[in-house]
Structures are given as C-alpha cells and as structure tokens.
Amino acid sequence: MQSKLGTYIGFAIRSGKVVFGYDNLFKSKKKVILVLYSLDLAEKMQIKLKTFCNDQKIDILPLENPNLSDIIKRDNCKVLGICEPELSKVIAKEITQQN
C-alpha cells in the first residue's frame with residue numbers, strides 16, 4: 001500500500017507541477033514552492049541547494065525514509081521541486097508528521 005506522502009507527490013507529478021533533479025531546479029522557470037531532497041545527496045550539493053532555497057525563499061525538507069527515488073519510482077533522482085501551493089502544504093505537513 002502506498003503512503004499518503006507518495007500519493008500526494010504522485011498527484012503533483014501527474015499534474016505536471018514538479019521539477020525533477022538538482023540541475024533542473026536551478027534552471028527551472030517554474031515557481032517552486034517546496035523542495036524535497038534525499039539525505040544521500042552529496043554534502044556539497046546539499047549546502048548549495050540549501051543556499052539556493054534560502055536565497056529564493058523556497059521551503060526545503062529532507063526525506064529520510066523512504067528515499068525520494070523510491071517514492072517517485074525514478075532511479076537516482078535526489079531532488080524534487082513542488083510547484084503547486086496546496087500540495088506543497090500537504091506534503092510538508094505529512095513529512096513533518098513522519099519525523
């Protein structure tokens with residue numbers, strides 16, 4: 001059975017309101033509201049990502065368990081940007097409840 005978090009992220013993906021990947025996040029023209037990243041992302045990349053999100057006033061949350069690539073069923077995807085305001089609120093709430 002899929003978790004609520006996986007379901008909400010799935011809704012965002014199906015609606016096309018996501019940015020996949022570290023590099024794409026920096027190049028994206030979409031207004032990203034929430035960034036999710038896996039803890040297995042390299043430390044230097046985590047620092048750059050946090051700095052970027054802080055500068056752009058984007059909320060950022062780590063995903064501990066399950067891993068992001070397991071949730072979205074894409075190998076080696078460690079960063080995901082959510083562009084839908086309501087879904088980003090629900091996803092952030094779900095992650096904070098898990099931790």
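Which side chain of opposite charge is nearest to the buried Glu94, and how far away is it? The first legend takes that up; every view shows a predicted model.

**View 1. Glu94, a buried acid in helix α5 with no salt bridge.**
The nearest side chain of opposite charge is that of Lys4, and it sits 4.9 Å from Glu94. A salt bridge needs a nitrogen-to-oxygen distance within 4 Å, and Glu94 has no such partner even though it is buried. Set aside the neighbours within four places in sequence, and Glu94 still touches Lys4, Leu5 and Tyr8. So if you're looking at protonation or charge placement here, these are the residues to have on screen: Lys4, Leu5 and Tyr8.**View 2. Tyr22 and Phe26, an edge-to-face pair within helix α2.**
Two aromatic pairs turn up in the structure. In this one, the ring centres are 4.8 Å apart and the planes meet at 65°, so the pair counts as edge-to-face. Both residues belong to helix α2, which covers residues 22–27. They are four residues apart, or about one turn of the helix. Tyr22 is buried, with a relative accessible area of 14%, whereas Phe26 is partly exposed at 34%.

**View 3. Phe26 and Phe52, a tilted pair between two helices.**
Here Phe26 shows up again, this time paired with Phe52. Centre to centre the rings are 4.5 Å apart, with 55° between their planes, and the pair is tilted. Phe26 comes from helix α2 and Phe52 from helix α3 (residues 43–56), so the pair ties together parts that are 26 residues apart in sequence. Phe52 is buried, with a relative accessible area of 18%.

**View 4. The aromatic cluster of Tyr22, Phe26 and Phe52.**
Put the two previous views together and you get one cluster made of Tyr22, Phe26 and Phe52. Phe26 pairs with Tyr22 edge-to-face and with Phe52 in a tilted arrangement. As for burial, Tyr22 is buried, Phe52 is buried, and Phe26 is partly exposed.

**View 5. Arg74 over the face of Phe20.**
What does Arg74 lie over? That would be the face of Phe20, with Arg74 at 3.7 Å from the ring centre.

**View 6. Pro85 in helix α5, with Arg74 for reference.**
Pro85 is found in helix α5, which runs over residues 85–98. Pro85 is partly exposed, with a relative accessible area of 38%. In sequence, Pro85 and Arg74 are 11 residues apart; in space, their C-alpha atoms are 23 Å apart. Glu94, from the opening view, lies in helix α5 too.

How values were computed. Residues numbered from 1 in each chain as written. Predicted model: local features only at pLDDT ≥ 70, side-chain atom pairs only at ≥ 80, totals over all residues. Heavy atoms only, no water. Buried < 20%, exposed > 50% of the residue type's maximum accessible area, 1.4 Å probe, protein only. Lys, Arg positive; Asp, Glu negative; His and termini not counted. Contact = heavy atoms within 4.5 Å. Phe/Tyr/Trp six-rings, centres within 6.5 Å; stacked < 30°, edge-to-face > 60°. Lys NZ or Arg CZ within 6 Å of the ring centre and 35° of its normal.
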